[in-house]
Amino acid sequence: MDKEGTQLKGLALAEEYFDAFGKPMLDMHYSGIKSRIAAGFVGMGSDCLGFDDQLSRDHDWGPGFCIWLDKDDYEKVGADLQHSYDALPVRYRGAERTISTWGGGRRGVYDSGGFYWSVIGLPRAPVKAMEWLVIPEYNLATSVSGKVFVDPTGEFSDIRAKILAYYPEDVRKKKIAARCMSAAQSGQYNYQRCLQREDVYGAWRALTTFCEDLLAFVFLFNRRFMPYFKWHCRASAEMPILGKAMSQAVHALCMGNNDTSKMSLITDCCNAVMDELRQQQICTVVGNSLLDLGPVIHSSIEYKDLRDLDVWYRGG
């Protein structure tokens, strides 16, 4: 890789590459439907989240972009447009497109509805509470990652905007209630008991579950979808509500060796979560454990089908 391309992030590289090659391709060969073509850089990969670095470049990284068509146009010209896309240079600004065994299909030409179907299992934004609940949060985060460069009709962006509007409040409460139960069980209860039994695996499992729950609270409080697990801490650190504090606490819990200090930190983190629950008026009840608050939050859910689910169930 030459010096020119070394410092470019994948998203910036994708937009430059689209301007250099994508736009001219559409102008020259697809001018008749250009007014109906959306393009951008959305989907799986650290580059779509802006977290790519030098380590990211050894697989599924490099110049490329996505093109989205409506269903009719996709059926008529999708294959031809994909062929034109495949003929574009694989090298740009010193970066070369690399595709691993499992990385195919991340960039190229899609039917707009089909793209969303492949990521969230629906050709549109979720509408019903149960639809929102069962889609894995990582998939929702993936569906709204990156950036849309152009979208003349707004079809693709309209779906994106509806997903970005985030969970209905009852669904958010359902997930928060379940995380309260899990965090209390793993951090406030089982971690210490596993240590007392000298169960090293159980203690670490309890601790890492608690850490995931802490970071999940950050996303839920900030109304953002939680991405792939290896970006939990990195993404949460950038969020205004408890992001920096919780990401630092998780780092300390994972790196520290003093179990007494860890238990004290677990208590502090739970108190911070309970304070934020009161701040956002999700639960104004004062309790000693998140286990006390989970059922209270769950009972405040208005939609009966969600309220009838077990308090521990958080969906996807």
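Q: Is the crossing of helix 9 and helix 14 left-handed or right-handed?
A: This is a predicted model, and in it helix 9 and helix 14 cross in a left-handed way.

Q: How do I describe two packed helices like these, and what is the angle for helix 9 and helix 14?
A: The general idea is that two packed helices are described by the angle between their axes and the distance between the axes. Here, helix 9 (residues 169-196) packs against helix 14 (residues 290-299) at about 165°, and their axes are 8 Å apart. Angles over 145 degrees count as roughly antiparallel, so that's the label for helix 9 and helix 14.

Q: Which residues of helix 9 and helix 14 meet?
A: From helix 9 you'll find Lys-173, Lys-174, Ile-176, Ala-177, Cys-180, Met-181, Ala-183, Ala-184 and Gln-188; from helix 14, look for Leu-290, Leu-291, Gly-294, Pro-295, Ile-297 and His-298. Sort the contact of helix 9 with helix 14 by class and you get ten nonpolar, three polar and two charged residues.

Q: Let's try another pair. At what angle do the axes of helix 10 and helix 12 cross?
A: Roughly 170°, with the axes of helix 10 (residues 200-222) and helix 12 coming within 9 Å. That angle makes helix 10 roughly antiparallel to helix 12. On the helix 10 side, the contact is made by Trp-204, Leu-207, Phe-210, Cys-211, Leu-214, Leu-215 and Val-218; helix 12 brings Gly-243, Met-246, Ser-247, Val-250, Leu-253 and Cys-254. By class, that contact has eleven nonpolar residues, two polar and no charged ones.

Q: And how do helix 12 and helix 13 cross?
A: Their axes come within 10 Å and cross at roughly 160°, with helix 12 spanning residues 243-255 and helix 13 residues 259-279. So helix 12 is roughly antiparallel to helix 13. The crossing of these two is left-handed. Met-246, Ala-249, Ala-252 and Leu-253 of helix 12 meet a set in helix 13 made up of Lys-262, Leu-265, Ile-266, Cys-269, Ala-272 and Val-273. The class count for helix 12 with helix 13 is nine nonpolar, no polar and one charged. Notice that Met-246 and Leu-253 turn up in the contacts with helix 10 and with helix 13.

Q: Now for pockets. How much space lies in the second largest pocket, and which residues are closest to its centre?
A: With a pocket, you can look at its volume, then its lining. The second largest pocket holds about 340 Å³ of space. It is lined by 18 residues, and Leu-49, Ala-141, Val-144, Arg-224 and Phe-225 are the closest to its centre.

Q: Which helices each supply at least two residues of that lining?
A: Helix 3 (46-49) and helix 8 (155-164) do. By class, the lining of the second largest pocket divides into eleven nonpolar, three polar and four charged residues.

Note on methods
Residues are numbered from 1 along each chain as its sequence is written. This is a predicted model: local features need pLDDT of at least 70, side-chain atom pairs count only at pLDDT 80 or more; totals for chains, interfaces and linings use all residues. Side-chain values use heavy atoms; hydrogens and water are left out. Axes are lines fitted to C-alpha atoms, for helices over the stretch in contact, and angles run from 0 to 180 degrees between N-to-C directions. Helices (H or I, at least four residues) and strands (E, at least two) are DSSP runs, numbered from the N terminus. Angles under 35 degrees count as roughly parallel, over 145 as roughly antiparallel, 65 to 115 as roughly perpendicular and the rest as oblique. A crossing is left-handed if the near helix is turned anticlockwise from the far one by less than a right angle, and right-handed if clockwise. Contact means heavy atoms within 4.5 Å. Ala, Val, Leu, Ile, Met, Phe, Trp, Tyr, Cys and Pro count as nonpolar, Asp, Glu, Lys and Arg as charged, and the others, Gly among them, as polar. On a 1 Å grid over the protein atoms alone, a cavity is a set of points where a 1.4 Å probe fits but cannot get out, and a pocket is an open set with protein on both sides within 12 Å along at least five of seven lines; lining residues have an atom within 4 Å of a point. Grid points are joined across faces, edges and corners, and a volume is the space filled by probe spheres set on the points.
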